[in-house]
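Colleague: Please take a close look at one part of this model and work through it residue by residue where you can. Then place that part against the rest of the chain.

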Amino acid sequence: MSPADHHHHAHGDLPEFPGARRLTLLMLIPAVLITLVGMFLLWPGDTSVAAGGGDGPVQVTGEVVAVQPAPCPQVPEGDQPLENCGTVSVRLTSGAASGTQITTDVPNGPGAPEVAAGDDVELLQLNAEGETTYAISDHQRGAELWALGAAFALAVIAFGRWRGVTALAGLGVTFGILVWFIVPAILDGRSPVLVAVVGAAAIMLIVLYLTHGLSMTTTIAVAGTLASLAITAILAAIATGAVHLTGVADETSNFLTITQGDVNMRGLLLAGIVIGSLGVLDDVTVTQSATVTELATANPAYGFRRLYGAATRIGRAHIASVINTIVLAYAGASLPLMLLFAAGDTPVDELLTTQLIAQELVRSAVGTIGLVAAVPITTALAALLATRRARPVTPPPERVERPVEDPWAAFVDRADQ
């Protein structure tokens, strides 16, 4: 069985109607051309920033040989006492001094890594006044992350099979567009909103068709996602302007304004809302399009109203669970911030109107509205096209004329037997 056949049997598609393939191409080709032109016009002049290029301290790797604890010195009264003092012997495994053994201080301070003999660590190489010193900055965790990634890929492929392979390929496409187009283009001074919309469209067109196949069902999902993304972008622009958000609400955005003054921070906030919404939008639109497909296949007599009503009821249940997922995701990511505000006894009304919290509220509200809009838009498109399919007209069964039986002849036949 070919992958295409497997895809068809696993998910089905809207029954073909006259002009379905032409309609698919009429919707797909302009979207692809507009996206390609947009990427060409917005493509950054220098993509090296995405590869980590730039000036900064030299980083080397090493292996901890031994840790020698020592008593911490006294600190002035009122200051926080030091913990985990001593020295660490490290054998360097990269850099110009690879193979040599150096001694540095035990990492100290909030969030400092705890090291032990045998740990692989990252070190900063500091050159001051002709003397080279080293400071442990973090653990090496590349091998562990690669193992976790391999387990993730195996689980996806084992369960999803060919569909799992295409899903992983789509994930790679998403990562590539983010790293080599969206991030460098924004750093290069392009409009963050335009970059986000064009990048999101490119991700959606490639990933949806790669994962779900070139079909009418996928095309309807693409159309619904594009319409919902446009609504989300417009609402985000209106909401951020009405609430007077600047996009500079935490230390990270503050540092970015200092180091990358050309970046439009409010536009960056809008871009984040658009890109963040895409991940949930395509899930909802694909589900709604596939739901209408299955309903139309199982019940060919359903008209537009019955298809739309049945699929919308499913969409309501889906939206209710997705909204809870969005809120919990934001709450989990903001848990340290919530604890900090709670410890400071900040009144709830003041807490909700601070720029940092208001920014997340706008992000959640706008994303949810775009999500809600995706259900009726996608469902209506799918139901409309499903009811236009060519229904074969089944002729009534032919009436079979039974011969009129002669009672006397039947009696004679039975008598002869």
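**The sheet and its surroundings**

Modeller: Of the 417 residues in the protein, 34% are buried. The model is a predicted one. It has 13 helices and five strands. When contacts between residues at least 6 apart in sequence are taken, 69% of them join residues at least 24 apart.

The part I will look at closely is the sheet. Five strands make up an open sheet, ordered β3-β2-β1-β4-β5, with antiparallel pairing. At its edges are β3 (101-105) and β5 (131-139), each of which pairs on one side only. From one strand to the next the twist averages 45°. As a general point, strands of a sheet pair through backbone hydrogen bonds, either parallel or antiparallel.

Take the β5 edge next. Strand β4 (residues 120-128) pairs with β5 in the antiparallel sense, over eight bridges. Two residue pairs show the register. Leucine 123 stands opposite isoleucine 136 in β5, and leucine 126 has threonine 133 of β5 as its bridge partner. β4 and β5 form a hairpin with two residues between the strands, and in that hairpin glutamate 129 takes a positive phi near 55°. For comparison, most residues other than glycine have a negative phi.

On the other side of the order, strand β2 (residues 86-92) holds arginine 91. Its relative accessible area is 33%, and because this value falls between the cut-offs of 20% for buried and 50% for exposed, arginine 91 counts as partly exposed. The C-alpha atom of arginine 91 is 5.4 Å from that of glycine 62, although the two residues are 29 apart along the chain. Once neighbours within four places in sequence are set aside, the contacts of arginine 91 are Gly62, Glu63, Val65, Gly99, Thr100 and Gln101. Of these contacts, Gln101 is also a residue of the edge strand β3 (101-105).

Now the helices. α3 (142-160) is joined to α4 by a loop, and arginine 161 is found there. Arginine 161 has a positive phi, near 55°, and is not a glycine. Its relative accessibility is 61%, which is over the 50% cut-off, so arginine 161 counts as exposed.

Beyond that loop, helix α4 (residues 162-187) packs against helix α5 (residues 192-212) at an angle of about 165°, their axes being 9 Å apart. An angle over 145° counts as roughly antiparallel, and α4 and α5 are therefore roughly antiparallel to each other. The two helices cross in the right-handed sense. On the α4 side, the residues making the contact include Arg163, Thr166, Ala167, Gly170, Val173, Ile177 and Phe181; on the α5 side they include Pro192, Val195, Val198, Ala202, Ile206, Leu210 and His212. Sorted by class, the contact of α4 with α5 has 16 nonpolar residues, six polar and one charged.

Further along, α6 (216-242) and α7 (251-259) are linked by a loop that contains histidine 244. Like glutamate 129 in the hairpin, histidine 244 has a positive phi, here near 60°. At 64% relative accessibility, which is over 50%, histidine 244 counts as exposed.

Helix α6 packs with α8 at an angle of about 150°, and their axes are 8 Å apart. This angle is also over 145°, so α6 is roughly antiparallel to α8. The crossing of α6 and α8 is right-handed. Their contact is made up of 14 nonpolar, 11 polar and two charged residues.

Helix α8 (residues 265-298) has a further partner, helix α12 (residues 355-386), with which it packs at an angle of about 30° and an axis separation of 8 Å. Because 30° is under the 35° limit, α8 is roughly parallel to α12. Here too the crossing is right-handed. By class, the residues in the contact of α8 with α12 are 15 nonpolar, 10 polar and one charged.

To put the part back in place: the sheet is open and antiparallel, β5 is one of its edge strands, and the β4 and β5 hairpin carries glutamate 129 with its positive phi. Among the helices, α8 packs with both α6 and α12, while α4 packs with α5.

Methods. Residues are numbered from 1 along each chain as its sequence is written. This is a predicted model: local features need pLDDT of at least 70, side-chain atom pairs count only at pLDDT 80 or more; totals for chains, interfaces and linings use all residues. Side-chain values use heavy atoms; hydrogens and water are left out. Axes are lines fitted to C-alpha atoms, for helices over the stretch in contact, and angles run from 0 to 180 degrees between N-to-C directions. Helices (H or I, at least four residues) and strands (E, at least two) are DSSP runs, numbered from the N terminus. Angles under 35 degrees count as roughly parallel, over 145 as roughly antiparallel, 65 to 115 as roughly perpendicular and the rest as oblique. A crossing is left-handed if the near helix is turned anticlockwise from the far one by less than a right angle, and right-handed if clockwise. Ala, Val, Leu, Ile, Met, Phe, Trp, Tyr, Cys and Pro count as nonpolar, Asp, Glu, Lys and Arg as charged, and the others, Gly among them, as polar. Contact means heavy atoms within 4.5 Å. Two strands pair if DSSP finds at least two bridges between them. Buried means under 20% relative accessible area, exposed over 50%, partly exposed in between (1.4 Å probe, protein chains only).
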